[in-house]
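These are my notebook entries on one structure. I list what I looked up, entry by entry.

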Amino acid sequence: MEANGNSQAVLAELPPELSFDGDVARERRARYLSPSLATFQAYERPLLLKRGSMQYLWDDEDNKYVDLIGQNVCISVGHCHPVVNEAVKRQMDELVHCTTMWMHPVTAELAAELLEKMPAGPDWVVHFVNSGAEAIDLAMLMARAHTGNTDLLALRRSYHGLHFGAASLSGLAIAHQPTVAAPGIHHVTPPDAYRGIYGPDTAPYLAELNATIESSTDQTLAGLFYEPIQGFGGVAPVASDYIEGAAERVRAAGGLMIADEVQTGFGRTGEHFWGFQASDVMPDVVVMAKGIGNGFPLAAVVTTREIADSITGRKFFNTYGSNPTVCAAGRAVLSVIDAEGLQENSLRVGAALAEALAETGQRHEFIGDVRGRGLMLGVDVVSDPAEKTPDPAVAAAIHEGLRERGVILSRSGAYGNVLRLLPPMCLNLDDVKKVSDEFAEVCAGIDPEAVREGRS
Ligand code: PMP
């Protein structure tokens, strides 16, 4: 369609001249954006990104980076993946937006394709929303409406988002603002094979879960939220026997098992398409976001028809949920994961990366642990390998050092001492070589005492 005369003139001016001068962009960001947006910032001096292609990014000075965190795990199949972008462009030329009050076939097609990825059995249905936190809130609502119970359990060190309900569920200090949280949420300690406060066995953690149900609830539950591998909490896998034991107890109290697959989903963990498949528990509700849209704002709650039915006595709607443009992106993402064998690639390349990182780790006492599955890896940086004391200062030095050498990743964990690697799933063995060489050199150049004392 042709633009009319006046907007033709506007078009002639597009795209507006954006300044990719890093100093100007940083100054304007500080001037015009709310300081609340700078609370979550990757580097001391923010990286100004100009373009991306597959697993790589380029900054304002045309420096190239391997993006090991896929822009917060959103970029599942690659930056600007040509198939995803083409699918989106085609949809945009037909119809950019239509809400679920109206109808466009792409939404149901994506739902059908997504459900093919779920284990057979339950009568699954999909409810699309825009972000992980919204999907978590919807899952909370469905669990409470379906069970008729209020109390929810969540794991300490979990991250489920930062909106009201999701932030209240999150088990990390950064999520809790100095104001009231959503009621009816109780945190329990997950097992932790590396530095768990009750040791590596799961029994004491299940005992704590029992005690919480007994003493903090009326012995009924709406559900338990869990990330099969805690992501932002420090790439901490939750032992499958804990999930199985927890499911027994939660279900006995009338509650649902709610898996948060926002980071672990879509083949990233290698062996399975979903992280929850590492245990024998079939969740009742599955929350997904990030990788499903490869950067387009798409998220979903997958649950049984019966559970979803429980909120149909009232309306639940949000304006952008199931937008055809992002659903077109979602369909393309699922096709690309299959066509390019990205789950298998995650398994193979992830194993090589883990091995290389662990090899360097053996040469340095400050690398306490290398863990994870597939292309979801964490490197735990410690000041004392026996005590496993978190060392955020050395982790920050490695993080900044890698940035200077063209490798970007995330620094996370409750203490900011875990380097988190969740790259686009198209990472290849050449990238592994580059990343592990740079990691080895950065680690070799670190004088931990000097870093801790602020001398380097
Ligand atoms: N759950 C998990 C496991 C996440 O990692 C995140 C985001 N980091 C969320 C939920 C929230 O997603 P969003 O930022 O889209 O609200």
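Which atom of the ligand does a polar side-chain atom of Asp-260 lie 2.7 Å from? I looked this up in what is a predicted model, and the partner is a nitrogen atom of the ligand.

**Entry 1. Ligand contacts**

I next looked up Lys-290, which also places a polar side-chain atom by a nitrogen atom of the ligand, at 2.9 Å. For Ala-133 I noted a backbone contact: one of its polar backbone atoms is 2.8 Å from an oxygen atom of the ligand. I then checked how far the ligand is covered, and found that the protein takes up 83% of the 390 Å² of accessible area that the ligand has on its own.

**Entry 2. Ligand shell**

I listed the residues around the ligand. They are Ser-131, Gly-132, Ala-133, Tyr-159, His-160, Gly-161, Glu-227, Asp-260, Val-262, Gln-263 and Lys-290. By class, I recorded 3 nonpolar, 5 polar and 3 charged residues in this shell.

**Entry 3. Cavity**

I searched the whole structure for enclosed space, and the search returned 1 cavity of 30 Å³ or more. I noted a volume of about 50 Å³ for the largest cavity. Its lining consists of Val-73, Ser-76, Val-262, Gln-263, Gly-265, Phe-266, Arg-268, Gly-291 and Met-425. Val-262 and Gln-263 in this lining had already appeared in my list of residues around the ligand. I sorted the lining into 4 nonpolar, 4 polar and 1 charged.

**Entry 4. Second largest pocket**

I recorded a volume of about 470 Å³ for the second largest pocket. I counted 21 residues in its lining, and those closest to its centre are Thr-100, Val-126, His-127, Phe-316 and Ser-322. I then asked which elements give two or more residues to this lining. They are helix 5 (105–115), strand 4 (124–129), strand 12 (299–304) and helix 10 (305–309). Strand 4 gives the most, with 4 residues. By class, I found 10 nonpolar, 8 polar and 3 charged residues in the lining of this pocket.

**Entry 5. Salt bridges**

How many salt bridges does the structure hold? I recorded 20. I followed up one pair, Arg-51 and Asp-62, whose side chains meet in a salt bridge with an N to O distance of 3.4 Å. I placed Arg-51 in strand 1 (residues 49–53) and Asp-62 in the loop between strand 2 (56–59) and strand 3 (64–67). The two residues are 11 residues apart, and the pair links distant parts of the chain.

**Entry 6. Backbone angles**

I returned to Asp-62 for its backbone. Its phi is near 65°, a positive value in a residue other than glycine. Asp-62 thus joins two of my notes: the salt bridge with Arg-51 and this positive phi.

I also looked up Gln-219, which is not a glycine and has a positive phi of about 70°. Where is Gln-219 found? I located Gln-219 in the loop between helix 8 (203–216) and strand 7 (223–226).

Key: Residues numbered from 1 in each chain as written. Predicted model: local features only at pLDDT ≥ 70, side-chain atom pairs only at ≥ 80, totals over all residues. Heavy atoms only, no water. Near = heavy atom within 4 Å. Polar contact = N/O pair within 3.5 Å; in protein donor to acceptor, adjacent residues only side chain to side chain. Areas by Shrake-Rupley, 256 points an atom, 1.4 Å probe, with all protein chains shown as cover. Nonpolar A, V, L, I, M, F, W, Y, C, P; charged D, E, K, R; others polar. 1 Å grid on protein atoms, 1.4 Å probe; cavity = no way out; pocket = protein on both sides within 12 Å on 5 of 7 lines; lining within 4 Å. Points joined across faces, edges and corners; volume = space filled by probe spheres on them. Salt bridge = Lys/Arg side-chain N within 4 Å of Asp/Glu carboxyl O.
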